[in-house]
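Subject: The structure I promised you

Hi,

Here is the structure I said I would pass on. Have it open while you read, and I'll walk you through what turned up.

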Amino acid sequence: MSNPKVQYVNANGSSFIDFENGKVCIVTLNGNSTFSFNASNPDIYVIQLRQDATGSRTVTWPSNVVWPSNISPTLTTTPNYSDIITFIWNGSRFIGISTNNFNA
């Protein structure tokens with residue numbers, strides 16, 4: 001089994017994540033960000049969402065992302081902390097699950 005490619009994104013404003021370039025994405029939030037995603041095949045994708053040294057950055061998710069009970073997760077805003085967001089792309093929606101508050 002091969003390792004998935006990892007892509008790195010510095011997010012500030014509109015930020016595009018192309019999961020065709022890697023199933024794992026490490027995103028550093030350098031400002032409030034509005035994401036758009038691309039994926040062509042149903043699969044599982046993971047984002048490590050890191051606050052920069054300032055923290056308190058916010059995220060706006062694409063309209064085709066759904067969360068449990070239709071409630072977006074409350075993301076960690078502590079400087080230099082991370083959340084891990086896992087998505088299942090079913091061909092029309094990204095089903096999201098969030099695990100929060102890592103000092104990583």
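Let's begin with Arg-57, which sits in the loop between strand 3 and strand 4 (59–60). One thing to keep in mind throughout: this is a predicted model. Setting aside residues within four places in sequence, Arg-57 is in contact with Leu-29, Asn-30, Gly-31, Asn-32, Gln-51, Asp-52 and Thr-77. Pick out Asp-52 from that list, since the side chains of Asp-52 and Arg-57 meet in a salt bridge, 2.8 Å from N to O. Are these two buried or exposed? Both Asp-52 and Arg-57 are buried.

How many salt bridges does the count come to? The answer is two. Besides the pair above, the side chains of Asp-43 and Lys-23 meet in a salt bridge, again given as 2.8 Å from N to O. This pair links distant parts of the chain: Asp-43 belongs to strand 3, while Lys-23 is in the loop between strand 1 and strand 2, 20 residues apart. Asp-43 is partly exposed, because its relative accessible area of 27% falls between the 20% and 50% cut-offs. Lys-23 is partly exposed too, with a relative accessible area of 37%.

Stay with Asp-43 for a moment. Leaving out neighbours within four places in sequence, Asp-43 is in contact with Lys-23, Phe-87, Ile-88 and Trp-89. If you check the C-alpha atoms of Asp-43 and Ile-88, you'll find them separated by 5.9 Å, although the two residues are 45 apart along the chain.

The strand pairing is worth tracing next. Strand 3 and strand 6 pair in the antiparallel sense, over eight bridges. To see one place where they face each other, look for Arg-50, which stands opposite Ser-82 in strand 6. On to the next pairing: strand 6 and strand 7 (residues 94–102) also run antiparallel, joined by seven bridges. Here Ile-88 stands opposite Ile-95 in strand 7. Strand 6 and strand 7 form a hairpin with four residues between the strands, and in this hairpin Gly-91 takes a positive phi near 100°.

Which residues other than glycine have a positive phi? Asn-80 has one of about 65°, and Asn-101 has one near 75°. You'll find Asn-80 in the loop between strand 5 (65–66) and strand 6, whereas Asn-101 is in strand 7. Asn-80 counts as partly exposed at 43% relative accessibility, and Asn-101 is partly exposed with a relative accessible area of 47%.

Now for the residue I'd like you to puzzle over: Asp-83, in strand 6. Asp-83 is buried yet has no salt bridge. Which side chain of opposite charge is nearest to Asp-83, and how far away is it? That is Arg-50, 11 Å away. A salt bridge calls for the atoms to be within 4 Å, so Arg-50 at that distance does not make one with Asp-83.

What does the side chain of Asp-83 make polar contacts with, then? One partner is the side chain of Thr-76, at 2.5 Å. Another is the side chain of Asn-100, with a polar contact of 3.3 Å. Apart from neighbours within four places in sequence, the residues in contact with Asp-83 include Ile-47, Gln-48, Leu-49, Leu-75 and Thr-99.

That brings us to the core. In soluble globular proteins, nonpolar side chains tend to be buried together. In this model, the largest nonpolar core has 22 residues, and those with the most contacts inside it are Val-27, Phe-35, Phe-37, Ile-47 and Trp-61. Strand 1 (6–18), strand 2 (24–38), strand 3 (43–51) and strand 6 (82–89) each give two or more residues to this core. Which of the strands gives the largest share? Strand 2 does, with five residues.

Try clicking on Ile-47 to see its surroundings. Not counting residues up to four places away in sequence, Ile-47 touches Ile-17, Phe-19, Cys-25, Val-27, Phe-37, Asp-83, Ile-84, Ile-85 and Phe-87. You'll recognise Asp-83 in there, the buried residue without a salt bridge.

Have a look around and write back with any questions.

Cheers

Technical notes:
Residues are numbered from 1 along each chain as its sequence is written. This is a predicted model: local features need pLDDT of at least 70, side-chain atom pairs count only at pLDDT 80 or more; totals for chains, interfaces and linings use all residues. Side-chain values use heavy atoms; hydrogens and water are left out. A nonpolar core is a set of buried Ala, Val, Leu, Ile, Met, Phe, Trp, Tyr and Cys residues joined through side-chain atoms within 4.5 Å. Buried means under 20% relative accessible area, exposed over 50%, partly exposed in between (1.4 Å probe, protein chains only). Contact means heavy atoms within 4.5 Å. Two strands pair if DSSP finds at least two bridges between them. Lys and Arg count as positive and Asp and Glu as negative; His and the chain ends are not counted. A polar contact is a pair of N or O atoms within 3.5 Å; within protein, one must be able to donate a hydrogen and the other to accept it, and residues adjacent in sequence count only if both atoms are side-chain atoms.
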